[in-house]
Structures are given as structure tokens and as C-alpha cells.
Amino acid sequence: MGKKDIIAAIAMVFCLAIFDIIYASTLQLHVADKLTYVSPDTWQPPENAPAELRIAGLRNGCHAGQLVVSSPEPIEGLKTEVSSLKGPQTIPSSAWDLRYGLPDTSGKEKIFDGLEIFPPAAIVVGNKNKLAVQNIWLRLRVPVNAKPGNYKGEVVVTVNGEKAVMPIAVKVHDWVLPAPRDWSSRFDAIQSPETVAMAYDVEPWSDSHLALLDKTFELLGELGQKTLFITVIRRTHFGNEHAMVRWVRDEQGVLQPDFEIVEKYLNVATKHLGKVPGVVFYSWEPIESMGHAEGTGAAHRTTDRAMQYTLFEPEKGTLAKRTGPAWGTDASKEMWGRFNKGIKPVLAKFGLEESKLFGLIGDARPTKIAMDDICSGDDNPRWAVHSHHYCDEWQGYKIGYAIALWGINLDICDPNIGLGFGWNTDFWLSYYPRELKMFSDLTEFRYKMEMWNGGVSLHEMKYKGNSRYSCGLGRIGGDFWKVVKDQRGNLRSTLAGVYPETYWGQLNLNLCISSILAQGAKSAIPTVRSEAFREGSQDAEVRIFIEKAVEQLNWREKLGEELSTRLREQINDRIRFVNLRGGTKINDQMKPPKVSDPLESSDALYTAAAEVAAKLGVMQIEKGGGDLYFLIKAREQKK
Amino acid sequence: MQIFLKKLISKTFLLLLFFSCVARLIALEVNLKVTEDAGQPRKGELVTAGVPLPRGLIKNLGNLTIKSGGRLIPAQFSQIAPWDDGSIRWALLNTQIDIAANGTTTLQLNDTCKNPAPAQPVKINEAANGVTMSTAGFSVFIPRHETGLLRAKLNGREVCSNNGRGIVLHTVGEEREIETKKGWETIKKIEYGVGQQIVASPPDSIKIEEAGPVRAIVAVKGKFPDVHKGLLSYTARITLCAGEQQVKVRLWIENNGAMGYYYEGNPKRGKEEYRVAEMEWFLFDGLELELGMGLKEPVATCEGTAAVNGKLKVFQTQRWNKDDSKLTYNDYEVFLPEDFEYVITAGSEEIKRGLRSDGIMEIKAADGNITAAIRNFWQNYDKAIEQDGQLLRLWFWPTEGQWPRERKLAWSVYPELAKLPKPGLYYLPGGVHKSHDFVLDFSDRSVTASVAGLTNPLYAFADATYYADSEAIPTLFSPPGIYSGDTECDSKLAAWEKMYDTAIDPKNPFSLIAGRDQAQWSSVGYFGDTTYWYGWMDFGDLPMPGHGPTSQQNDWLWIMLMGAIRTGNPGFMRMADDMGGHRIDIDQLWSDRDMPELNGLQRGPNNFPGFHCYRLYYVPIVSYNHLEGMVLYYLMTGDTKALEACMRNAEGMRRAWKNVLEKQPWAGPQTDMAANGWSIHGYCSMNALTGKQEWLDEALTLFRTNVVAKWRSLGPHLHSRDQIASQSYMKDDIKYCHAIANFCLLHKLTGDPDILKLLEEGSEQPFPENYYDAPLYLAGLHAYIAIASKKPELLEQAVEDWITASPEDKEIPVFLPGNSVWADIKSMHMRSGHLLQYGLWKSRKTKD
């Protein structure tokens, strides 16, 4: 045996060892479509999975990718490390936020929904796919000052010494996404402080409770949350046993409002949401909330339930359930007058004076008498409506915020037929996406917001030459988790509609999305659904930026006609892409988009935004007061 | 011996004194308060009142007397209802008093001697050709074999002659289809030719219901020949009072045909439509009572205008949206007070127009006067009174009017009703017995004096404590002013009591009376309409904003009568009269030609405003049937038609429940605890009316079958925690709450241990957080168990319950404009406090 033979033998042994190592390795890591739910029971390694995780991003944006780690053996001790990103500069690994899916069994099949900070201690092998499966969500917060360009990095997953590696490619575009609180689209998720207290078994409004709410609002803030709901009455649709506004008897026995909890709540919420445009003081409920308002509101559904309020008895330290004065009485007007007088400085403290709205008008509607009482002492009262049919005025009172289902009467159509500009409306009208269920396709979660920003009334365009628009989505449960137990102690329902008179029929939060966030081990956590929503809202902002430049005449002039026309065409194609995924179908009037890949579509959109920004030298465009180019052209064509 | 005799005598004296004192103690002595509220001094005015009597106390009406100012006055008593031991439970008092305008006087009811006779008693003479009622030189003759209804003589001279034809029906002519062109469209319409005038037949029966000496009533019944398959009849109750030269009449026109109810078919389930009769609604052009006047050249005046050439007619109607200004999309606030209109004509000449006429016509002649008035004239539009030479016509359905009105909105969804409106014609729905009250006064009194007894009859009320102590009223209640001692609870109880005052206070914007001045947009089953408070089919009902007429949902009649009993305020009786009239005439189904299981029941609470009924396949059921108010109305007034209605309704209920128990329909009333509760109250009321155990047995049957079944399956609160089923609020929690007082009543009357057990368990277990107003009713439950089971500690819970759900008000609205369910909720709120006060009252009595 010569030297060569020995070297060859050693090489063979080495190769065999390597072969053994390779083929003995059971851990696999794949890129998964982030708009597809991963089921731990049925997921199988895809045959043509991308070899790297690709992300298109914006400065100040938050963009995610999904990986799936799997093994035929149970997984224990899962660890994930993501490297910094190398490119025009280095984006540190701290820009990554790693999350692990929590299995949810409330739908048809078990899927990963909630995105927990901690990996599960053990992952069992599924019965159907014979694999232990765990998704890993990688959220990249692109620094606002990140240099545009291509970046590279990798993610390494380790289980009991076994490693799996996935390369990452990130393209950062040169446009700065505004902070969510400055987004033009209006997202209205309803937060339930009572649910949080019950879910984590903490004393309502204790420091622990507020700490939990802080995490919740941090997540809702990322979604561009624009509303807050403060209960002035108990037994609302939100299932609150007690109201946030409490009443205390003064020395004369007169009921005075106590805003201590309201202040605590506003404090923790505005820290993350900023000065939200809508603070709805939930002051009214009907006696029966079923059915849907017909046209301008059915007369037989005009009812006022007696005011249910919370009495705080400081000497006992207890809360008592009480019924307020009857509507129309002096006592009622005076009580509400004290409320309105008292809340004014509280709102001023948070800069929310202009955000005050009374609510919540639904399919059942208040009488003028009740509205008069509730608005006593308010100089400029405005109300909020969540209804099948909305209205812009009720009993002579202005509506400041309206959410409607099919009664919104707006069309989602091909851009050749009509264009909607949700960013160009003074009336806050949002769409209630009841067709969305808790686990509807993630593509719908992703594109619904952008799609409804383009809603337009073709009828109004035809006869009036302009249209109403919708500027967002609403009546989505933020964190209405199942916390109500049955007699056996099993969780049976959320708090939404738990009181029968405030069930709200087909507008019940449980019929749509009761919680966009999930209940994590220690606090609220995002979900794959909220991630889809968030990225969809980001994309909507990009489109809005471009549309403002293209449609507002002063900016269009600076862009030039050629670029404007090209961009319009590109946005139109984006609209088709979004509409198809947001829930509409191709028909005679709806053309198929040229771009069909989500990543490609976003990438193209971001590229266009960067081009506009470069051309105009601005990253943000305010809504102008003038007419839009499209509308001028439409009127010219009509003539 | 002398000492012995002295002792014996003194002992005997003491014994006699003792028995005399005891006799005084158990003897009847009741103060009855009479209030004049029309602002009109009354002289010899009739006072009618039902008076409850404690069990076993009075067995003979003969000893009952009435004193006014310490002086015995003429009075007439009759028995309304017996106790089960044969003693008298309710007696009807008729007496006559003088009272100043807006004055109050007190009468004393005793049982110690006999009444004096009136100076000019009413006498009745029954002869082969008719019946004569007479007093004070005035007589009314009711012919047995002739048409004309009545004739009258004053001091031997005929003032109401046989020239008049009596009740005259104006029929419709032949039906023919007309085609007209409207643009491209050909429209087919049904038109009717000129009809006939058919005079009602002479009476089939004449019955003396009261023979005087204070008041005499003769009931006359007859038919309309060859009309409506013989299903159209009339009844007149003709009343004369001692010393009065006037005759009062209540005239019913009765359609005994079918309403046309049916069970809807379901082809998918192979179920065929089922009905036993088509709609037998009677179509006609008008109806009048034509009376001949025995006066020379009479001249009528009305609303400040006088007849021209012996002709004068006042016609009252209400125009649909008179000036069209209120007819805007979804805002059809028509039929407001300004839409009323009366027109006075002399022949073909219009001489005056105004809003509302009281319908009083004063006819003067050299040889006598007649004042004629129809009660609630404008309220029961369309109405007219006419002088035509020597004829006086009381138009209960003037030929100018119409019902139902034509809709300006599409009604195509339910053609069975949509096709009904016919220009200028009326329908009298099947099963309706519509009455009108009128007076003919031949005295020389002023007009206001003549009609005061018609428009504002006098009632007498005992003290509330007496009513409650007598236990003759089939309800657990206390006198007002019974409080707990807890400041907050008591202030809320006082506010609750004040709701009763609010309900009938015309100055309070949240009263039922103020509500009557509003018309609001309604939508029933997607049909747009307006609310109707007035009109001959609607007056007396309670239409809620946004809804059609509710058939006095939750028995407003009973609520008003409880207000009268507890306060003695005649305003409650005025309202009860309006409501009772409607309940008996319109809502009570008088036809036997619909399905047997629903004949005799009442209309439900869901009705199209314009037709005063709902789709005919929504048949009357026991769930919405309220007998308790009608029974109490009868007990308080002695109204004979009310008694007929009670008996009919009770038998109807019995049949309907039998049918339910046999068929056990899916989600039928057997599972509806409120329905069971209402019927239990109704049966208990019938026990009070008849003294018969059988009605309590019926009530116990409902408890032992339906209630116990639900108790076993769902626990003592008789509902499941989850009250939402397929997006509907089942309201079983509310229904249990509404049944509590009725279960307590049945327990009180029967002492049934199972009922007490159910109630006790209900009071012990925490009530699910469902119905937000539940504590109002749980307060009553806890208060009742506190006394029934001797658990006084539960009174504290009752007080806390009441505090929780009672509003923070000193005044609580009863009717809220624009609020489509407020009055419904408040009607139950008004019913709720009685049981709490009863418990507080009885527990106080026990302590004392």
C-alpha cells in the first residue's frame, strides 16, 4: 500500500464520514410563503423551495419572511441565529425580530398563527406528515437611515448540535416609509382591556395589567391603529362588566365622573399610537342590537337601552352596577353634561380634543333624545357608526367616523372603469371586512386594506362626477380572545357580544376577526395575520405616496407627463393585482395583472416610490386641496 | 240574688257591648272618593264603580248603602263577582251625586241598612210590542217588531219619532273591473256601483240587564237582513238613569265573519296552507243611525255654525299628510294633529273647516231641544253628525270616509292586505265588534252638562289600602308609599310610583297622552308607514314609534287600572276606558269562524299600522294574550261586554292551551315562560271573576306541565345561560323575569309547594348575567320569598336588586318619542315594582 493509497483511503473514509453526516442529518430548513399558513400536521417540504430567503424592503419599514424547520424526529432545544446584513452598509442583527409560530386549533386545521418570542421547548412529530414542524418568522426592521441596495446574510437553525443554514437576500429601496401613526390608511382594531385582564388573570387596571396593555398597544401601533374605544357604559358589545368611566357620589350625593382609568388607558395607548384621530366614548347601546339598518336606519330599530354605568364606592372600594337616569330627563342631561365637561381636560392632556367621538351607533340606532342627552355640554359633538349601512348624519348629529359593510356602496373595479382615492377624502369612511374570517387566506389579510383604499362609487361617478371613498378597514377585534368560561370551566367564547342585548347580530366581532393579535405566554403577540395586515398597510402607503404624486396636479407637473403616465399604468396594474388577491375575481371588467408574484409586485412598487422620491426630492406628500388629475380627465371625457 | 242578677246583667251588657264592637269591626265601612275632572258641575250625575269586598263579609246586597255627607242617598247594587264561599267579592255600585266642577267628594259604603229610592226612579215596562224605560217624564220605547231602534217621549210628547229608519247600512254596489290607460300601462281596477241602503232588522232579542231604580239598561240585538251571509249584526245597550231626560246608547256593529287567519304552507316540506275560512271582512260604504225628531222646525248648531234650511253636517276625518309637506323619503310623519280636519256643510255648501270637532250637535226648536253627541268623535274618525230636516243622523261610518286608507307606498309584498283599500269604502274586519257611545239629551240643560256624563263619567274609588287588604284583586300589590327604609331604594321606588302619574299627565312630554300627539315613521316587516293613534280601528291602542299598533302590549289596560286602584285618579280610568274599548271591540276576536284553537284570543303585538293586523298566517296565540286587564276592567266597571269578552277569551285560552299541549308545536308557547305566566295571571283573574276552582286548576296545569318541564331541563331560572341562537336573542331570560309575579300570585292563591320550591331555588341561585333589567324582577322574587318562606334577610337582596336596575331619576319617562321599544320596556317596568312593595308591605305587617 503506497502513500497514495493511504491518502486515497483516508479521503474515502473522510468522504464517507461526510456522507454519513449529510445523510444522517434529519434537520431541514425551507423558505415558506409568508402568505400561506403553515400547518404542523400537514406541512411537507416543498419540492421547489427557494434557495434563499428574499425580502424587498423600505427604509423604516418592517418586512418579514417565513422559514420552516422540520425533522422526522421530535425537535427539542431549537435555536435560531440571524446574522447581520452585509451590503452598502451593515444592518446589525439586532434589526431582526425572530418569532416562532404558536399552533392554533380553533380553525379547521391546526396552523401556526401567533408569533411568540420564544421557541417551543419541544416539537412533536405530527400524525399525518410524520414530521416535527416549526415555522420561524423573521421580521426585519429596516433602519430609517439604511442605505439602499442589496444586502446578504444568513440564518442558522440549531437543534441538538445539528445545524441548518439559509441564506438571506434583502433589497432596500430608497424611500422612507412613514411611521405607522402617520399612515394615511385608517386601521381600526378594537382593543379589549377586560380580555387582557382575564386572559392573564391580573387585577384590572393594576400595574401588571397596564404593562400587558403596553405590549398590546405596541403591536397595534405597528399596524397603524387609529382608534381607541373607551367605555362610558357597562355591558357594551365589548362585554365589559364595568365601564372605564366610573362614577362617584360627591358629598351632595351627586354623581361625578372619575377618569382615573381613562387617563391610565390613554397614557399607555397614546405612547404607541400617538394622537389617534378617533377616541370613541362608548356611551350608548340599543335594547336590541340584531338585524341591520335599512337605508337611513329602520324606525323600529331606533331604541335606547337604559344607561348602564359603574358606581365606584370609595369607602367600600367596590364597584357597583347601576342604571343611569332615563333618557330625556334633566338628570340624564346633567349627568352627561358633567361627563363632557370632565373629559375635556383629560383629552386636552393627550392632545386628543379633536378626536372625541360618541358611540357606538350600530344597526340599531339612538333616538334624538338620547343623543341630545349624551352630547350635553359638548360644543361640537360627533358620533361613530359601525353598521351595515352607514350614515353621515344621524338625528341631526354629525358622524365623524363610519364603518359599513355592504351598505358602503362602493365598487372595487378595474382601474380602467374607475379609480378610488381613499387618501383623498375628508369623511372617515372605512370598510368592515366581514367576509374575512379568523383564518381567511392570508392574501386577503395582506391586500384588503390597499384594495379598499381604491373603492369608488361608479354610480356617483356617473351622475355626480365624483365619489365617496373608503380610507381604511375597521371593526376588527384586536385581542378578543376566548376568556369566558362555561359551567365546566372550559373557555367557550370571547367577551364580544356576551350580553345578549348587545350581541350585535351580524356585526358581532366574532363573526369576523375577533382578534388580530394572539395571546402569548406573557403578553399579546403578533400573528401571521397581523403581519400580513401590517405589510399590506405598508404597501398601501407606498401606493398612496405614488398616487398623490401622480394625481395631485402640482406634483404631477414636477413628475412630468411621461413618468406620471407610466406610473399610473404601473399602479393600475398593481390595483388589478391587489384586487384579485383582496377578494375580487377576474371578470369581463377586471383584467388580469401583468405582475403576479407578490414579491415582484411589492418590489416594483417600492422601486417606483423611490423613483418618485428621487424625482421630487421628497419622501412624503401631503394631501392637497385641489382636484385630482383623474377626476378632471373623467369629467372632460364625460363632456 | 240581686248581686247575681246585677252581675249577670252587667256581664250580658259587656258581652253585648263586645259583640257590638266586634260587629262594628267586621262591618263594612268603605270610603269611596269621587273626583270631577271635566270642569263641569254635575247634578244628579251617575257614579258607577266596582267595589271589592273581603271574603265572607257580604252575602246579601240588600244591606249595602251609600251615604254622601252623612246622608243616605239612592243607590243600586249588583253582584259582579263571587268569592268561592258564595260571599260577594265585587259589587257594582250605581248612584247619583251632585259635585262641583273639579271637586272631590267622598261616599261611604256600609252594610247596615237599606238604600232610599230615587225621587224619580227609572222604571221598566215590558210589553208584547216592546220595552219602555221611563223616568222624570221622559221615556224611551224600544220596539220589538219594528225597525228604528228607539223612540223617545218627553212629558208625553214624541221627541224622537218613528220617522227615522234606525240603523241604516249603506252597502256597496256591484263589483266591476275597469281598465284605464296610464301611459303605456293598462291598469285594471275594481270599481263598485251605487249600493243600497239596508235598514237593520227589528231586534231578535231584547234583554233587560239592569232594571233600575238608579240605572236601567236594556240590551237589543239584531241583524242586517240578506247582507254578508247573515254574519253582520248589531247590539245596542240603552241606558236611562233616574231623573235624567237623556238616553245613552252604546251601539256595536258586529262582523261575526272570519278574520281569515291561516297556517302558511311550506312546499319544501310538503306542508299545505291550511285555513278554515277566507277573509270575511265586510266591505261597505257607510253606516248611520237615523232618528226622527219630533220637533217643529229644528235648527242645529255645531262648532259655532247653524243649519241652513234645516241642514247641517259635521264630518270629521284625518287627512293623510294634509299638505304633502311631510312626505319625504323614509320620513312619512303623517297623521299628526294638524292633519285632522272637520268640515261643516249645509247641504252642498261648506260653511266651516277646522281641525278637531267634539261631535256635539245642539238642536233647538220652539218646542224642545236635543243635544246629540258621539263620544270620542274626532278620536274615532271618520265620523259625522247630521241634521237633515226632521232627521238626525249619527254617522258612525260616514260615506265620505274610508278604511283602510290607500297606501302611497308599495305594499306588493303581501297582496292579501295590499288589495284591500277601496276609495271611499270601509272594511269591517272579521271578528271585530266595533262600538260607539252616543247620548241624546232632551232636557234643557246646557250642552256641556248634557254631555259631561258621556265624555267624563264619574267613578268612585276606595282607598288603595282597602283594595289591597280586600285581596279581591287578583294581583299581589300594596298601597303606594310602601318603602324599605333604604334611602336610595326608596327614592327609586318613589320614582317608579311616579311613572304612573307620568303616564297620564298631559303636560308631561313623556306621557302616553303626549305620545298621542305624535306620528312617527314606522316600519313593520319592511313596510314603511306612520303610527296611528286615532281612527276607529286604532283609538285606544298603543302604537310604538317605529312599530304598528301593539294591542296594548304587556297589558297597558291592566297597568292603567292598577294606577286607578292605587291613586284614585280618574285620569287612569279615562285611559282605561279608551284602552278597554279598543281591547274589547277590536283586539278581542269575536268570530267563531277561524280555526277553533285561536277563536276567542286577542290580536298580537305586531301589526301593520294601516291594517291593524299582521300577515294573516301569523295567527293569534296565547303568548300575547292578556286577560288580566280585561277582567280587572270588568270588575271596576261592571261592563257587560267586558264580561262577555272575558268569558270568551278565557275559553279561547283554554282551547288554545289544550291544542298546544296536544300538539307540542316546535318552539311553541309551551316553552315560553312569559306566555305561561300571562295565562296563569289570566286564569287567576278568572278565578276572581267566577269564584270557580277550575280556573286555578287550569293555571296549575300550565305550571305542572310547561313550567316544571323547563325547570327540570334548565334549572330554576327557566333559561339557559346562552341566550343567543343563530344570531337571535331568545329572551328566555326576560320571559322568566316577566313570569315571576304571576308564579308568585299562583302560589299565593294555591299554596302549591312546588311553585314555592321553584321560586325559592330561583332566589337562592345566582342569576346569569343576561337580561340587564332582571334585577327589577328579581327584587320582587326576593321580596316574595322573604315573606312566603320567612326569610327576611332576602329583603336586603330585594332592595339591592331594585337599586341596581332602577334608573337614577325622580321622574322616569313612560313614552319616549322616537324610541321604538321604550314604552314596551317601561310597561314591564311599571308592572315590576308591585311585587317588591307587596313583600315590603306584608313583612311590615308581620312585624307589626
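**Where chain B meets chain A**

Trainee: How many residue pairs are in polar contact between chain B and chain A?

Mentor: Keep in mind that this is a predicted model. Pairs enter this count when both residues are at pLDDT 80 or more. For chain B and chain A, the residue pairs in polar contact number 16.

Trainee: Which element of chain B gives the largest share of the side that touches chain A?

Mentor: Several elements of chain B give two or more residues to that side, among them helix 5 (487-503), strand 36 (521-524) and helix 17 (822-847). The largest share is four residues, and the element they come from is helix 16 of chain B.

Trainee: How many salt bridges does the rule find across the interface?

Mentor: One salt bridge joins A:Arg322 to B:Glu488, with the closest N and O atoms 3.6 Å apart. That pair fits the rule because a side-chain nitrogen of Lys or Arg must lie within 4 Å of a carboxyl oxygen of Asp or Glu. Across the interface of chain B and chain A, the number of salt bridges found is seven.

Trainee: Which strand of chain A helps cover the buried residues of helix 5 of chain B?

Mentor: The buried residues of helix 5 of chain B include B:Cys489, B:Trp496 and B:Tyr500. Their cover includes helix 16 and helix 17 of chain B. From chain A, the cover includes strand 20 (318-323).

Trainee: What is the distance between the end C-alpha atoms of helix 5 of chain B?

Mentor: Helix 5 of chain B has 17 residues, so at 1.5 Å a residue it should span 24 Å. The model agrees with this, as the end C-alpha atoms are apart by 25 Å.

Definitions and conventions: Residues are numbered from 1 along each chain as its sequence is written. Chains are lettered from A and ligands numbered from 1 in the order in which they are written. This is a predicted model: local features need pLDDT of at least 70, side-chain atom pairs count only at pLDDT 80 or more; totals for chains, interfaces and linings use all residues. Side-chain values use heavy atoms; hydrogens and water are left out. A polar contact is a pair of N or O atoms within 3.5 Å; within protein, one must be able to donate a hydrogen and the other to accept it, and residues adjacent in sequence count only if both atoms are side-chain atoms. The expected span of a helix is 1.5 Å times one less than its number of residues. Buried means under 20% relative accessible area, exposed over 50%, partly exposed in between (1.4 Å probe, protein chains only). Contact means heavy atoms within 4.5 Å.
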